[in-house]
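Please look over the fold and the ligand surroundings of this protein. A short report follows the display.

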Amino acid sequence: MKTSSQGIGMTSQRTRDRLVARLREEGIHNNRVLETMASTPRHLFLDEALATRAYEDTSLPIGHGQTISQPYIVARMTELLLEVEPKVVLEVGTGSGYQAAILAGLVDKVYSTERIEPLATQARQRFRQLGLRNIRVQHSDGSWGWPQFGPFDAIMVTAGAADIPEALLEQLKTGGRLVMPLGGRDQQTLITVTRTPTVYEREDFEPVVFVPLLGGEG
Ligand code: SAM
């Protein structure tokens with residue numbers, strides 16, 4: 001008899017392709033993002049009990065009161081980030097590691113911080129198993145960024161905050177872009193902040209719902 005994970009292995013490419021077709025219909029147009037999502041096994045970033053739901057376009061629990069983001073939001077944030085053609089990216093909120101794995105397929109180097117140590121450890125193991133060598137994970141409060149490796153071409157915050165952490169703006173290169181959910185606990189707006197030689201330019205996009213960014217600057 002097949003185990004559930006073998007079953008998923010056999011059908012995951014087809015269900016991933018179906019998910020990607022749906023993301024395209026919903027307006028995701030960056031082919032590099034769609035191709036990377038078509039080849040990244042989201043079910044390996046979830047507990048086995050939830051793996052059968054991996055290719056639904058929904059966020060799902062990953063333990064410790066946290067979630068893996070909805071694939072549409074992962075795609076949307078990634079395509080907004082790629083507009084500035086980043087090579088080195090900081091992610092705040094590693095969570096399951098799925099978003100970092102998508103970024104790793106699209107940029108040279110991903111630095112990712114996570115404040116819950118078991119999630120950081122589990123994500124590191126997943127990256128090792130998948131042979132993703134261009135992601136470095138740190139257990140830390142990412143609202144302070146990761147100054148040792150900054151400034152970054154782009155920063156993605158995958159948790160919602162009422163204010164944009166000042167440290168993250170400081171660790172953005174000129175020409176670089178920050179993408180994050182900004183707003184209250186129940187709902188936020190997806191925003192980008194692009195650093196020009198003189199100012200930080202903010203643009204607002206669709207409403208989103210994220211778990212909160214906790215910590216010093218959260
Ligand atoms: N990017 C993740 C993924 O692909 O699974 C989803 C992230 S989940 C919506 C938000 C994550 O941000 C949680 O794992 C949470 O612990 C983490 N987080 C919240 N505040 C943080 C902080 N100040 N520094 C680092 N991580 C933080």
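Why is E4 largely enclosed by the rest of the structure? The reason is burial: 5 of the 6 residues of E4 are buried. A residue counts as buried when 20 or more other C-beta atoms lie within 10 Å of its own. This is a predicted model.

**Around strand E4**

Strand E4 covers residues 109-114. E4 pairs with strand E3, residues 88-92, and the two run parallel with 5 bridges between them. Val-88 has Lys-109 of E4 as its bridge partner. From E3 the chain passes through H4 to reach E4, a β-α-β crossover that is right-handed.

E4 also pairs with strand E5, residues 135-139. This pairing is parallel too and has 5 bridges. Thr-113 lies opposite Gln-138 of E5. Helix H5, residues 117-129, joins E4 and E5 in a right-handed β-α-β unit.

**The ligand shell**

Which residues come nearest to the ligand? They are Gly-93, Gly-95, Gln-99, Gly-142 and Gly-215, out of 26 residues around the ligand. By type, the shell holds 10 nonpolar, 13 polar and 3 charged residues. Strand E2 (66-68), helix H4 (98-104) and strand E4 each provide at least two shell residues. E2 contributes the most, with 3 residues.

**Two helix residues and their distant partners**

Arg-22 belongs to helix H1, which covers residues 4-25. Arg-22 has 15 other C-beta atoms within 10 Å, so it ranks as partly exposed. Gln-129 sits in helix H5. Gln-129 is exposed, because it has 9 C-beta neighbours inside 10 Å. Each residue can be set against a partner from elsewhere in the chain, as the table shows.

| Residue pair | Separation along the chain | C-alpha separation |
|---|---|---|
| Arg-22 and Asp-57 | 35 residues | 8.6 Å |
| Gln-129 and Leu-44 | 85 residues | 9.8 Å |

**Backbone points to check**

Most residues other than glycine have a negative phi, and most peptide bonds are trans. Three spots in this model deserve a look on that score.

His-64 has a positive phi of about 60° and is not a glycine. His-64 lies in the loop between strand E1 (60-63) and E2. With 14 other C-beta atoms within 10 Å, His-64 is partly exposed.

Glu-85 is another residue other than glycine with a positive phi, here near 50°. Its loop runs between helix H3 (71-82) and E3. Is Glu-85 buried or exposed? Glu-85 is exposed, because it has 11 other C-beta atoms within 10 Å. The cut-off for exposed is 12 or fewer.

The third spot is a peptide bond. Gly-150 and Pro-151 are joined in cis, with omega about -5°. Pro-151 is placed in the loop between E5 and strand E6 (152-157).

**The whole protein**

The protein has 6 helices and 9 strands. Its C-alpha trace spans about 60 × 35 × 35 Å along the principal axes. The radius of gyration is 16 Å, which agrees with the value near 17 Å for a compact globule of 218 residues. Buried residues make up 41% of the 218 residues. Among contacts with a separation of 6 or more, 56% come from residues 24 or more positions apart.

Key: Residues numbered from 1 in each chain as written. Predicted model: local features only at pLDDT ≥ 70, side-chain atom pairs only at ≥ 80, totals over all residues. Helix = DSSP H or I, 4+ residues; strand = E, 2+ residues; numbered from the N terminus. Near = placed C-beta within 6 Å. Nonpolar A, V, L, I, M, F, W, Y, C, P; charged D, E, K, R; others polar. Pairing = 2+ DSSP bridges. Right-handed = clockwise from strand over helix to strand, strands pointing away. Rg over C-alpha atoms; globule rule 2.2 N^0.38 Å. Contact = placed C-beta atoms within 7 Å.
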